[in-house]
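The following exercises concern backbone geometry, helix packing and internal space. Each task is followed by a solution in steps.

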Amino acid sequence: MHDFLPTTLLACAVLTAVPLAVQAADCKKVVVSADSDYAPLHWYDGKRLTGASIEIATRALAALDIPYEVRYVGPFHRVLKEAESGEVALISSLKMTPERQQYLAYATVPLFRNPIAVFVARDRRFSYAGWKDLIGKRGAITLGNQFGGGFDEFMRDNLIIETAQKVYMNFTKLDSGRIDYLITGYYSGMIYLNQTGQGGNFLPLRPFVSETDNFIAMSKASPCVKYLPRINAQLEAMQKRGELRAVLQSFESDLRIDPAGQDEPARAR
């Protein structure tokens with residue numbers, strides 16, 4: 001006898017926290033958005049939002065014949081704000097945190113593992129075995145980012161952190177010595193360094209600060225949230241076919257970064 005519910009039932013249960021008036025309202029189209037600075041999962045290429053999570057979300061919506069629009073709305077903190085108000089109906093994808101769960105209903109099918117790394121200047125690296133080694137140093141994150149796995153609470157209570165709207169701004173500060181480290185997605189950080197030819201100037205430290213999953217989430221303030229159980233069922237089918245991983249691999253193929261998380265020791269706390 002199983003002690004868990006099917007993921008589609010769990011998605012239905014999430015909707016009990018959504019007002020019935022919102023669920024009953026008309027959804028003309030699902031407005032999809034995401035962090036515009038987080039390749040290969042999602043990024044803005046100067047013309048449109050693209051990336052593995054955008055591809056998965058739009059494939060799922062198209063398969064269900066649900067009208068949608070992929071919309072670039074700016075930095076990630078603005079995406080979150082518009083999702084809180086219901087202007088953005090679906091974020092693809094992001095980490096699940098208690099703060100975000102106040103206004104987002106999450107699908108239960110994880111899309112990808114998303115390792116988060118500490119990046120440092122190569123000539124100013126420091127001894128690092130876990131979170132506690134960041135205490136007392138100056139760090140930075142991209143505005144709106146959260147990391148899961150308990151690190152957000154540790155960061156809030158123990159670390160000196162400043163924010164910037166884009167990851168390149170934090171790499172500039174790291175290069176000048178204004179900060180000692182920055183925290184961002186391992187893949188997105190490495191892609192930025194490869195694309196800008198700065199791989200020799202910076203390096204990611206191990207272990208990762210967290211390596212939790214990314215999920216699709218829908219705004220509880222949008223009437224389109226009523227589609228969440230159907231979207232979740234479609235994601236479940238895509239997962240069983242191996243389609244989720246295949247989509248990510250197709251976006252990774254030209255990025256020339258080392259795989260994350262292979263033969264790594266347990267993450268220190």
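## Exercises on a predicted model

Pro-207 is found in strand β13 (residues 202–210). The model is predicted, and all values below are computed from it.

**Exercise 1.** Determine whether the peptide bond from Arg-206 to Pro-207 is cis or trans, and examine the bond that joins Ala-39 and Pro-40 likewise.

*Solution.* Step 1: most peptide bonds are trans. Step 2: from Arg-206 to Pro-207, omega is near 5°, and the bond is cis. Step 3: between Ala-39 and Pro-40, omega is about 5°, and this bond is also cis. Step 4: Pro-40 is placed in the loop between β2 (37–38) and β3 (42–44).

**Exercise 2.** State the sign of phi at Asp-65 and locate this residue.

*Solution.* Step 1: most residues other than glycine have a negative phi. Step 2: Asp-65 is not a glycine, yet its phi is positive, about 60°. Step 3: Asp-65 belongs to the loop between α3 and β5 (68–70).

**Exercise 3.** Classify the packing of helix α3 (residues 52–63) against helix α9 (residues 243–252), and describe the contact.

*Solution.* Step 1: the two axes come within 9 Å and cross at roughly 140°. Step 2: α3 is therefore oblique to α9. Step 3: the crossing is right-handed. Step 4: from α3, Ala-52, Glu-55, Ile-56 and Arg-59 meet Glu-243, Leu-244, Val-247, Leu-248 and Phe-251 of α9. Step 5: this contact has 6 nonpolar and 3 charged residues, and no polar ones.

**Exercise 4.** Classify the packing of α3 against helix α8 (residues 228–240) in the same manner.

*Solution.* Step 1: the axes lie 9 Å apart, at an angle of about 115°. Step 2: α3 is therefore roughly perpendicular to α8. Step 3: the crossing of α3 and α8 is right-handed. Step 4: α3 contributes Ile-56, Arg-59, Ala-60, Leu-61 and Ala-63, while α8 contributes Ile-231, Gln-234, Leu-235 and Met-238. Step 5: by class, the contact of α3 with α8 consists of 7 nonpolar residues, 1 polar and 1 charged.

**Exercise 5.** How many cavities of 30 Å³ or more are counted, and which residues are closest to the centre of the largest cavity?

*Solution.* Step 1: the count is 1 cavity of 30 Å³ or more. Step 2: the largest cavity holds about 120 Å³ of space. Step 3: 14 residues line the largest cavity, and Tyr-38, Lys-95, Asn-114, Asn-145 and Gln-146 are the closest to its centre. Step 4: strand β6 (residues 90–95) supplies the largest share of the lining, 3 residues. Step 5: the lining comprises 5 nonpolar, 6 polar and 3 charged residues.

How values were computed
Residues are numbered from 1 along each chain as its sequence is written. This is a predicted model: local features need pLDDT of at least 70, side-chain atom pairs count only at pLDDT 80 or more; totals for chains, interfaces and linings use all residues. Side-chain values use heavy atoms; hydrogens and water are left out. On a 1 Å grid over the protein atoms alone, a cavity is a set of points where a 1.4 Å probe fits but cannot get out, and a pocket is an open set with protein on both sides within 12 Å along at least five of seven lines; lining residues have an atom within 4 Å of a point. Grid points are joined across faces, edges and corners, and a volume is the space filled by probe spheres set on the points. Helices (H or I, at least four residues) and strands (E, at least two) are DSSP runs, numbered from the N terminus. Ala, Val, Leu, Ile, Met, Phe, Trp, Tyr, Cys and Pro count as nonpolar, Asp, Glu, Lys and Arg as charged, and the others, Gly among them, as polar. Axes are lines fitted to C-alpha atoms, for helices over the stretch in contact, and angles run from 0 to 180 degrees between N-to-C directions. Angles under 35 degrees count as roughly parallel, over 145 as roughly antiparallel, 65 to 115 as roughly perpendicular and the rest as oblique. A crossing is left-handed if the near helix is turned anticlockwise from the far one by less than a right angle, and right-handed if clockwise. Contact means heavy atoms within 4.5 Å.
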